Amino acid sequence: MRKSIATLAFAALTALPFHANADDDSPFVTFEVLKPEVAYQMAEAAMIHCREAGYQVGVTVVDRFGVPQVFIRDRFAGGHVYETSFRKAWTVVSFRTDTSELNEATQPGTESYGIRFLSDALPLGGGLMVNGPTSMVGGIGVSGAPGPSLDDECAQAGIDAVADQIAF
């Protein structure tokens, strides 16, 4: 039993992407996450973009580990938008793939179809990766526009609104 836990812990740690030199002897890894203020600006910009297009949405921004940083819901958005926007953002960081792309990769008959049966995974457009200077720093999920590609557009508007703060 002890060996299994150690093996799982090692596998989990080695799965985390980080940048280090081959000769780095430090026992620590470093990573970047968005400041809450930036995550909020991103979510609000995505929601406003959708509102201006006539859509009532919910927006979730998660950190690189899938933990929610911000959720914002427009006044007339449906009750489903919390779960859906969260699951899209979580899916992005879990698979390090935008959800529209994951939707294509997990269609019935594909090798990755089983991803659709994971409880939190939602391979449906509207989830985009948020990249910082050296790595992915989080994900944004939008739900409530009349189609997944429109959710993608709103999510991209949110990222674009803070791009100058998180760019290289």
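Two strands count as paired if DSSP finds at least two bridges between them. With that in hand, welcome to a short tour of this predicted model.

**View 1. The whole protein, with its 5 helices and 4 strands.**
Following the chain from its start, you meet the pattern α-α-β-β-α-α-β-β-α. The protein has 168 residues, and 40% of them are buried. Among contacts with a separation of 6 or more, 65% link residues 24 or more positions apart. The accessible surface comes to about 9500 Å², with 58% of that area belonging to carbon and sulfur atoms.

**View 2. The hairpin that joins strands E3 and E4.**
Here 4 residues carry the chain from E3 to E4. Strand E3 covers residues 127–131, and its pairing with E4 is antiparallel, over 5 bridges. To find your way, look for methionine 129, whose bridge partner in E4 is glycine 139.

**View 3. Strand E4 and its other partner, E1.**
How many of the residues of strand E4 are buried? The count is 8 of the 8 in residues 136–143, so the strand is largely enclosed by the rest of the structure. Strand E1, residues 58–63, runs antiparallel to E4 and is joined to it by 6 bridges. A handy landmark is aspartate 63, which has glycine 138 as its bridge partner in E4.

**View 4. The hairpin of E1 and E2.**
Strand E2 spans residues 68–73 and pairs with E1 in the antiparallel sense, over 5 bridges. Threonine 60 stands opposite phenylalanine 71 of E2. Between the two strands lie 4 residues, and in this turn glycine 66 has a positive phi of about 90 degrees.

**View 5. Serine 85, a residue of helix H3.**
Is serine 85 buried or exposed? Its relative accessible area is 0%, which is under the 20% cut-off, so serine 85 is buried. Helix H3 itself runs over residues 81–95. The side chain of serine 85 makes a polar contact of 2.7 Å with the side chain of threonine 60. That same serine 85 side chain also reaches the backbone oxygen of tyrosine 82, at 3.3 Å. Leaving out residues up to four places away in sequence, serine 85 touches Gly58, Val59, Thr60, Phe71, Gly141, Val142 and Ser143.

**View 6. Aspartate 151, a residue of helix H5.**
Helix H5 takes in residues 148–166. Aspartate 151 has a relative accessible area of 4%, and because that is under 20%, aspartate 151 counts as buried. Its side chain reaches the backbone nitrogen of alanine 145 at 3.0 Å. Beyond its neighbours within four places in sequence, aspartate 151 is in contact with several residues, including Lys88, Gly125, Gly126 and Val142. Ser143, Gly144 and Ala145 are also among the contacts of aspartate 151.

**View 7. A nonpolar patch on the surface.**
Which residues make this patch? They are Val29, Phe31, Val33, Phe65 and Val67, and the patch is about 430 Å². Valine 33 sits in the loop between helix H1 (2–15) and helix H2 (36–52). With a relative accessible area of 43%, valine 33 falls between the cut-offs of 20% and 50%, so it is partly exposed.

How values were computed
Residues are numbered from 1 along each chain as its sequence is written. This is a predicted model: local features need pLDDT of at least 70, side-chain atom pairs count only at pLDDT 80 or more; totals for chains, interfaces and linings use all residues. Side-chain values use heavy atoms; hydrogens and water are left out. Buried means under 20% relative accessible area, exposed over 50%, partly exposed in between (1.4 Å probe, protein chains only). A polar contact is a pair of N or O atoms within 3.5 Å; within protein, one must be able to donate a hydrogen and the other to accept it, and residues adjacent in sequence count only if both atoms are side-chain atoms. Contact means heavy atoms within 4.5 Å. Patches are made of residues with over 30% relative accessible area and no salt bridge: like charges are joined within 9 Å, nonpolar side chains (Val, Leu, Ile, Met, Phe, Trp, Tyr) within 5 Å. Accessible areas come from the Shrake-Rupley method with a 1.4 Å probe; for residues, only the protein chains shown count as cover. A salt bridge is a side-chain nitrogen of Lys or Arg within 4 Å of a carboxyl oxygen of Asp or Glu.
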